[in-house]
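These entries record what I looked up, beginning with one helix and its surroundings and ending with the nonpolar cores.

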Amino acid sequence: CVNVGCVPKKLMHYAGLMGPILHHDAQKFGWKLAPDASHDWGKLVETVQNHIRQLNFSYRSGLRGTGVNYLNALATFQGPNEIAYTQKGEEKTLSAKNILIATGGRPNLPSDIPGARELAITSDDIFSMKKSPGKTLVVGGAYIALETAGFLTELGYDVSVSFRSILLRGFDRQCAEKIGNTMRLLGTKFLPAGTLPSKMEKEGDGGKIRVHFKGKDGETSEEVYDTVLYATGRTADLAGLSLGNAGVVADPSSGKLDVDDGEATNVPNIFAVGDILKGRPELTPVAIRAGELLARRLFAGSTEKMNWDLIATTVFTPAEYGSVGLSEEEAVKRWGRDDIETYLLEFTSLEMAAAHRQKDPSLRADDFDVDIGANALSKLVVRRSEDEKVVGFHYVGPNAGEITQGFAVAMRLGAKKRDLDGTIGIHPTDAESLVQLDITGSSGESYLAAGGCGG
């Protein structure tokens with residue numbers, strides 16, 4: 001999270017959000033800025049890396065200040081209670097009653113695409129990349145790919161996305177499609193679904209990369225890029241740990257670890273948390289909470305275990321997407337269509353409406369087709385048979401992470417639709433839309449806001 005995940009991603013997302021504000025909105029609100037204002041990629045990377053170094057220093061200081069012996073070395077299991085490591089050329093061992101594995105994941109580069117391992121980079125690399133990425137191909141359709149494509153587009157780069165079938169698999173389909181459509185309007189290009197790289201090769205001596213594509217129907221094409229970035233999933237970083245020496249068995253299909261409800265592997269004194277777990281959310285706060293609860297059970301007499309329900313998350317694309325609970329599709333699958341209702345509102349945030357935020361010129365039908373239109377979507381999924389208990393919260397729009405966090409608490413307390421209806425909204429905000437929803441999906445009525453103040 002700190003080095004190549006949430007923290008640098010959020011900072012670059014923040015930098016990207018400044019782009020349309022500086023180049024368009026600011027002038028509408030009276031700011032007189034230089035018309036040739038440009039972005040300095042090197043300065044952005046310097047700022048991000050300086051902050052990462054500061055965080056690393058504070059974490060190391062915090063560990064040492066509490067008496068933790070911090071060893072910067074690769075550990076390998078010698079047995080269920082012993083690990084070995086090398087420090088300053090000297091082989092050493094440590095023994096412990098309990099051992100926790102929390103090594104996280106590593107991004108993948110495909111071995112079956114000629115040239116990919118030699119010429120492409122991963123999502124980890126972009127945060128320390130010294131040269132400007134230039135014209136970029138992002139391969140992948142999950143949240144890391146879209147977040148990266150989003151901030152690069154907002155920073156002014158020519159960005160294309162190659163994905164296998166659908167965007168944001170596992171998320172609410174309506175919201176995922178809203179994210180994709182909004183990114184298109186902002187200038188991110190999406191290749192036809194199933195159009196994937198089949199080969200890469202150097203193009204001359206300038207560092208450019210020629211990418212050959214093959215579509216799902218066999219059609220071929222090619223294009224030249226400055227950067228090709230893969231964000232097609234991550235592999236549990238377990239290969240170098242010699243797990244077999246301790247008897248720990250990884251799942252053969254996923255390469256991840258199965259644990260019980262107390263985070264124990266098949267070896268009772270060896271525990272695991274984080275992205276190396278099979279079937280668990282790959283989210284930093286989840287790993288932190290699971291680790292905290294494990295420590296309390298082992299050393300403080302606690303019996304509390306991790307609650308895996310209603311974990312909130314946010315996708316930091318240009319139009320952010322926050323969610324808690326079930327997608328509409330998951331709710332219907334679990335309880336049936338007749339037991340599920342949705343409440344919806346699609347609208348334009350007040351600030352963007354006033355500034356008339358514009359869509360990418362290449363997507364304008366004529367001289368009057370300028371405004372980007374509704375940038376936000378609020379959606380609740382409720383269960384009819386439980387007095388419209390909210391089982392899914394979804395919001396696409398500005399500051400989704402900040403908005404979603406509060407509603408996550410309400411959902412954990414069993415909020416029903418009438419609880420939200422009885423709450424007075426803070427005006428004018430985007431979040432107030434979620435306590436004013438009155439149009440149902442089953443009604444067939446338009447849920448696009450007409451008039452009003454916006455967010």
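I looked up what covers the buried residues of helix H6 and found that strand E4 (99-101) and strand E15 (270-272) are included. I took contact as heavy atoms within 4.5 Å, and helices (H or I, at least four residues) and strands (E, at least two) as DSSP runs, numbered from the N terminus. The model is predicted: local features need pLDDT of at least 70, side-chain atom pairs count only at pLDDT 80 or more, and totals for chains, interfaces and linings use all residues. Residues are numbered from 1 along each chain as its sequence is written, and side-chain values use heavy atoms, without hydrogens and water.

I listed the buried residues of H6 (under 20% relative accessible area, 1.4 Å probe, protein chains only): Val 286, Ala 290, Leu 293, Leu 294 and Arg 297. Seen down the axis of H6, they fall within an arc of 105°, so they line one face of the helix; the arc is that of the directions from the helix axis to the C-beta atoms. On the other side of H6, I noted Pro 285 and Phe 299 as exposed (over 50%). Just after H6, Gly 301 has a positive phi of about 75°.

I then turned to the largest nonpolar core (buried Ala, Val, Leu, Ile, Met, Phe, Trp, Tyr and Cys residues joined through side-chain atoms within 4.5 Å). Of its 39 residues, Met 12, Trp 41, Ile 126, Leu 146, Leu 168 and Tyr 321 touch the most other members. H2 gives this core its largest share, six residues. I recorded another core apart from it, with 19 residues, including Val 324, Phe 347, Phe 393 and Leu 437.
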